[in-house]
Amino acid sequence: MIRTSFIRLKICLAAAALSLLLAGCFSYSFTGVSIPSDVRTVYIPFFPDNSNSGLGFLSEDLNEALINRFVNQSRLRLSSSPDEADIFFEGTITSYRNRPFSVSGEDRTDLNRVEITVRATYQYQSRDEAEWTRNFNGVFEFDPNEDPIDGEREAAIEALQAIARNMFNDALGSW
């Protein structure tokens, strides 16, 4: 009789602990995203490239990185216009630099650093003023001695990915 009561008590405690654990999992967001329930769509434009970089892919690659973040890592759907979206972005690529970062003893560049700056505004359609307008920077190094053209492109893509990640976190992060 005592043994049966002890087993029931253990089962009840285990069930309570499991309930608490599952309740904690359901209220926790693994992506750290906090989106108001009435926000369902996002408009992400092509940001004009005003950096004078001479690289034709920056605007398209930034747009792709932002769409991948906001659509694939949240419940948001992409809108085709800012007027139809619940939230939207505006902005421009303001700066692009590719310069030596590390020089060897022979006055030879070992690493180049690509630095990209984007000025962006994030706004809810239902509000008159933007939530924020700020600069986002992305940097990435590459070895110009291996493959300077593809290395620079890959470094630019990585820098744009960092910018997209930071914009996503600043817009939807619940930290």
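In this predicted model, helix α2 (residues 58-72) packs against helix α3 (residues 148-172) at an angle of about 40°, and the two axes lie 9 Å apart. Angles from 35 to 65 degrees count as oblique, and α2 and α3 are therefore oblique to each other. The crossing of α2 past α3 is right-handed.

A look at the residues involved helps to picture this meeting of helices. On the α2 side, the contact is made by L58, D61, L62, A65, L66, R69 and F70. Their partners in α3 are R153, A156, I157, L160, Q161, I163, A164, R165, M167, F168, A171 and L172. Sorted by type, the residues of this contact comprise 14 nonpolar, 1 polar and 4 charged.

Two of the residues named in this contact, D61 and R153, also take part in a salt bridge with each other, with a distance of 3.4 Å from N to O. This pair ties together distant parts of the chain, since D61 belongs to helix α2 and R153 to helix α3, 92 residues apart. In total, the structure holds 6 salt bridges.

Attention now turns to the strands. Five of them, in the order β2-β1-β3-β4-β5, form an open sheet with mixed pairing. At the edges are β2 (77-78) and β5 (132-142), each of which pairs on one side only. As a general reminder, the strands of a sheet pair through backbone hydrogen bonds, either parallel or antiparallel.

The sheet can be followed strand by strand, beginning at the β2 edge. Strand β1 (residues 41-43) runs parallel to β2, and 2 bridges join them; here T41 has R77 of β2 as its bridge partner. On to the next pair: β1 and β3 are also parallel, with 2 bridges between them, and V42 is matched with I87 in β3.

From β3 onwards, the pairing is of the antiparallel kind. β3 and β4 are paired over 15 bridges in the antiparallel sense. Among the matched residues, T92 has R119 of β4 as its bridge partner, while S102 is partnered by L111, also in β4. The antiparallel strands β4 and β5 are joined by 11 bridges, and in β5 it is N135 that stands opposite R119. R119 thus appears in both pairings, with T92 and with N135.

How do the helices and the sheet fit together? Helix α2 packs on the sheet, where it touches β1, β2, β3 (87-103) and β4 (109-124). The direction of α2 makes about 120° with that of β3. Helix α3, for its part, lies across β3, β4 and β5, and it runs at about 150° to β5. Both helices therefore share β3 and β4 as places of contact, in addition to packing against each other.

Notes:
Residues numbered from 1 in each chain as written. Predicted model: local features only at pLDDT ≥ 70, side-chain atom pairs only at ≥ 80, totals over all residues. Heavy atoms only, no water. Axes fitted to C-alpha atoms, helices over the stretch in contact; angles between N-to-C directions. Helix = DSSP H or I, 4+ residues; strand = E, 2+ residues; numbered from the N terminus. Parallel < 35°, antiparallel > 145°, perpendicular 65-115°, else oblique. Left-handed = near helix turned anticlockwise from the far one by under 90°. Contact = heavy atoms within 4.5 Å. Nonpolar A, V, L, I, M, F, W, Y, C, P; charged D, E, K, R; others polar. Pairing = 2+ DSSP bridges. Salt bridge = Lys/Arg side-chain N within 4 Å of Asp/Glu carboxyl O.
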